[in-house]
Each structure stands twice: as C-alpha cells, then as structure tokens.
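Me: I have a model open and would like to learn how to read its helices and its core. Could you walk me through a few features?

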Amino acid sequence: MWLIENEPGIEGYLRLEISRFGHKFKPKTFATLRQAWLEQASANPLNGAILGNAASFIVWNDFETASELFERAYNLQPHEGWLGLFVIYCNSQLWSLPELYSDKIRKQIIDVGLRSLETESGGAPFLTCEYVSDAALSLGYYDIVRKCAKELRDWDQTICEQMANGFLGLVALRENNRSLAVQLMLEMKRGYQPQEVIFRLARELFDLGERESIIQLIKSFKRKVRTSARNRWLNQVENDERPDFDDWCVCSACMAKEAALKQAK
Ligand SMILES: [Zn+2]
C-alpha cells in the first residue's frame, strides 16, 4: 500500500515485483489494493509508468481493465516495452479462460504481439514471437507464422532459428507438405537444442505415421538429452507408441531433482 501511494511510477526490479505480487493477495486485500491503483491511475492519466504498473497489478483478476491500462501506457510510453509485457498476460489468459474465448484471446495475442515486435525494442521478443506464432498457427494465419519465423531468423541466434524451423514445419504439415516438415524437423546445426516446438512437430509427424525420421531426430540430440529419456523414446517408437518427450533435461537443477526422486524410491 505504501508503494502504491508513494511510488506508483516505480521502475526496474520493483516494477516486476508488482506484477508478481498481484496474485498473492486474498480477494478482499486485492480489491482494496486494486482500488488504490485505480485511484492512482485516474489521478495521473498521462503518466505511462503509473498506468502500466497499475495494469501489471490488476491483470491477475481483471484482465479487461488491465488491457485498457496497458494500451494507454503504451500510447504514452511507446518504448517502455508495455506491449511485450502485456502479451505475456494475454497468453496466460489462454490457460485460465474457458475454451469459448480462446480464439478471441488468440486474436488479441497476435494484435498486441505484432505491434510490440514492430515498434518496441528490448524485452523478450523471442517469447513474443513464440506466442504470436502459436496463436496464428491455431487460427490458420500461416502468413503471420512466416512473418514471425523471419523475425526469429533475423536475430541470428541458433536457438531462435531452430524455433523458426519448428513453426515453419508445423505450417508445412498443415499445407500438406510433409517432406518439408520432416526436413525442417531434422535440421541440426551446432547450438540447436531440444525444444518444445520441435517435440510438437515430432508428435504430429508421429501421428501421421512417420517413424524413421523420428528415430533419427531422437538420436541426433546426443548428449543434450538424458540417456534414460533417449532410450525410453526409442523404445516407445519401437512399440508404436508416441514418445512422451518428457524428463529429458540435463541442466544441473533437473538432474538434481531426478537424483532426489531416485533416492526417495
Ligand atoms: Zn532443466
């Protein structure tokens, strides 16, 4: 409460805390704090920082009001990355709202995300590209997926380039170009990592009857996935089961978790 009344336009690290705290309060406290933020917003209608911070707090349970505040913050501060932040919340709405609203949210993700990619710098544009591509793929807007893929490639980072391949592969499948999809899935350059969009492409290809190329993909990950995961996936394909593509990560945190689980057994 002190923060809202005294430093409503705060920037930097604490600004991120505002959005993280929003969902920690009980409904009654949240309502009081929400009201305090709205009062700040109406007292400072031309202060983008305050509008954006208010939006970041409120977004957890009043998406409509927050949407409007994010848009106003962006208009006042077009280079602060408000849309890049907003699109993350739009994307999380996909999980919390009933299916009925999904397409409406997807259109909003595309609208907000594309404006962010075109006009804002900084932030996490690969995340924005991922959300926009995902939404556009679901809606069948393949040209938008291609546009994002181009954007991803232009950053010249292998992992983004590979993400672009994954999405283009999913488009290729939907356009009945299975051989292109396989080719994109199997492209392995130095620095390529196992990642969700590639697994998704592999799952869809598996369902279409693809086997050899999936085995090739699994083998090509080499030591980037756990040996236990690789063997399990190869066994699954062998048994005509779709590989789960779970529990593969070799980072120290995941390996420690795995070791603790084993010990518990
Ligand atoms: Zn990990």
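Reply: Happy to! Keep in mind that this is a predicted model. Let's begin with one helix: the buried residues of H11 (residues 178-186) are Ala181, Val182, Leu184 and Met185.

Me: Why do the buried residues of H11 lie on the same side of the helix?

Reply: The general idea is that an α-helix has 3.6 residues a turn, so residues three or four places apart point the same way. In H11, the buried residues cover an arc of only 165° around the axis, and that places them on the same side.

Me: Which helices do the buried residues of H11 pack against?

Reply: They pack against H10 (158-174), H12 (196-207) and H13.

Me: Now for pairs of helices. What should I look at?

Reply: Two packed helices are described by the angle between their axes and the distance between the axes. Take H13 (residues 212-220) and H14 (residues 227-238): their angle is about 175°, and their axes are 10 Å apart. An angle over 145 degrees counts as roughly antiparallel, so H13 is roughly antiparallel to H14.

Me: Which residues of H13 and H14 meet?

Reply: From H13 come Ile214, Ile215 and Ile218, and from H14 come Arg230, Trp233, Leu234 and Val237. Sorted by class, this contact of H13 with H14 has six nonpolar residues, one charged residue and no polar ones.

Me: What about the interior? Which residues have the most contacts inside the largest nonpolar core?

Reply: That core has 61 residues, and the ones with the most contacts inside it are Ala54, Ala55, Leu69, Val132, Phe167 and Met185. You have already met Met185 as one of the buried residues of H11. H10 gives the most to the core, with seven residues. For a closer look, pick Val132: leaving out residues up to four places away in sequence, Val132 touches Ile109, Ile110, Gly113, Leu114, Ile144 and Cys148.

Me: Let's try a loop residue. Is Gln77 buried or exposed, or something in between?

Reply: A residue needs 20 or more neighbours within 10 Å to be buried, and 12 or fewer to be exposed. Gln77 has 15 C-beta neighbours inside 10 Å, so Gln77 counts as partly exposed. You will find Gln77 in the loop between H5 (63-76) and H6 (82-96). Its C-alpha atom is 5.7 Å from that of Gly48, a residue 29 positions away along the chain. Beyond its sequence neighbours up to four places away, Gln77 touches Gly48, Ala49 and Trp82.

Me: And how many helices and strands does the chain have?

Reply: The protein chain comes to 15 helices and zero strands. Of its 265 residues, 31% count as buried.

Methods: Residues numbered from 1 in each chain as written. Predicted model: local features only at pLDDT ≥ 70, side-chain atom pairs only at ≥ 80, totals over all residues. Axes fitted to C-alpha atoms, helices over the stretch in contact; angles between N-to-C directions. Helix = DSSP H or I, 4+ residues; strand = E, 2+ residues; numbered from the N terminus. Parallel < 35°, antiparallel > 145°, perpendicular 65-115°, else oblique. Contact = placed C-beta atoms within 7 Å. Nonpolar A, V, L, I, M, F, W, Y, C, P; charged D, E, K, R; others polar. Arc of directions from axis to C-beta. Core = buried A, V, L, I, M, F, W, Y, C linked by C-beta atoms within 7 Å.
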